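Student: I would like a close look at a single part of this structure. Please take one helix and its surroundings, and keep the steps short.

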Amino acid sequence: SQAEIQVILLDALGGLDAHGAAVQMFKTLRGRGLFMPIIFIVEADSQEVGMTVLASGASDFVVRHEGWHSLVLKLTCLKTAFSSEVELRDTRSLLDASEAAKHAVIESENRFRMLYKHIPVPTYTWLKNKGGDFVLADYNIAAEEITGNTVQSLAGVTLSVCHKGEPDIVRDITDAFEKKTRIHRQLVFDYKLIKQTKTLSVHYI
């Protein structure tokens with residue numbers, strides 16, 4: 001299999017005809033997606049052939065009379081370089097995948113944020129803090145409108161402070177969180193900061 005091939009030797013011995021055939025074979029292998037090191041073997045008086053194949057994209061060339069020790073040395077160097085290249089390519093692939101995943105998460109969060117902000121019903125998000133109370137963490141545009149933008153001053157304020165003197169609301173929000181249930185209430189709510197009273201259909205989720 002391709003995974004078992006570590007290096008390919010192409011014999012360019014025999015003059016220009018052999019050189020042309022070897023180069024054609026080289027192009028065919030690359031065209032088939034074989035990107036392991038490819039070394040050309042050339043004759044002693046044909047080093048210009050070696051330079052030509054290097055220009056064509058070959059990994060290296062060896063002269064036949066230099067012996068096997070030269071080939072082994074070049075193979076060792078190529079193996080190290082090729083392994084580093086593969087490792088770098090794999091690392092880059094992982095980084096690219098990681099970046100793509102990160103962007104996908106950010107885009108998903110942005111879409112959710114946009115939907116949340118434009119829900120036509122006043123919506124508030126409470127987060128439980130370490131002290132056991134809840135803090136107003138977020139709200140949407142409809143919440144800003146119904147409160148006359150006064151909700152902005154309550155961001156980060158605890159539930160017990162926001163709804164001081166309104167134990168039913170505090171209890172319902174706490175129960176919805178702790179029991180992981182949905183609670184529906186019809187209530188008359190006094191917006192103290194804008195001095196208005198409204199009848200609301202409230203869902204605690």
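Tutor: Start with burial. In helix α6, the buried residues are Ile 169, Asp 172, Ile 173, Thr 174, Asp 175 and Ala 176. Keep in mind that this is a predicted model.

Read that list against helix geometry. An α-helix has 3.6 residues a turn, so residues three or four places apart point the same way.

What lies over these residues? The cover of the buried residues of α6 includes the strands β4 (124-128), β5 (134-139), β6 (183-191) and β7 (196-204). Helix α5 (159-162) is also part of that cover.

Next, check the length of α6. The helix runs over residues 167-178, which is 12 residues. At 1.5 Å a residue, the expected span is 16 Å. The end C-alpha atoms of α6 lie 16 Å apart, so the expected and modelled spans agree. Just past α6, Lys 180 has a positive phi of about 50°.

Now turn to two of the covering strands. β4 and β5 pair antiparallel, with five bridges. One of the bridge partners is Phe 134 in β5, which pairs with Lys 128. Five residues separate the strands in this hairpin. Among them is Gly 132, whose phi is positive, near 95°.

To recap, α6 has buried residues including Ile 169 and Ala 176. Their cover includes β4 and β5, and these two strands form an antiparallel pair.

Key:
Residues are numbered from 1 along each chain as its sequence is written. This is a predicted model: local features need pLDDT of at least 70, side-chain atom pairs count only at pLDDT 80 or more; totals for chains, interfaces and linings use all residues. Side-chain values use heavy atoms; hydrogens and water are left out. Helices (H or I, at least four residues) and strands (E, at least two) are DSSP runs, numbered from the N terminus. The expected span of a helix is 1.5 Å times one less than its number of residues. Buried means under 20% relative accessible area, exposed over 50%, partly exposed in between (1.4 Å probe, protein chains only). Contact means heavy atoms within 4.5 Å. Two strands pair if DSSP finds at least two bridges between them.
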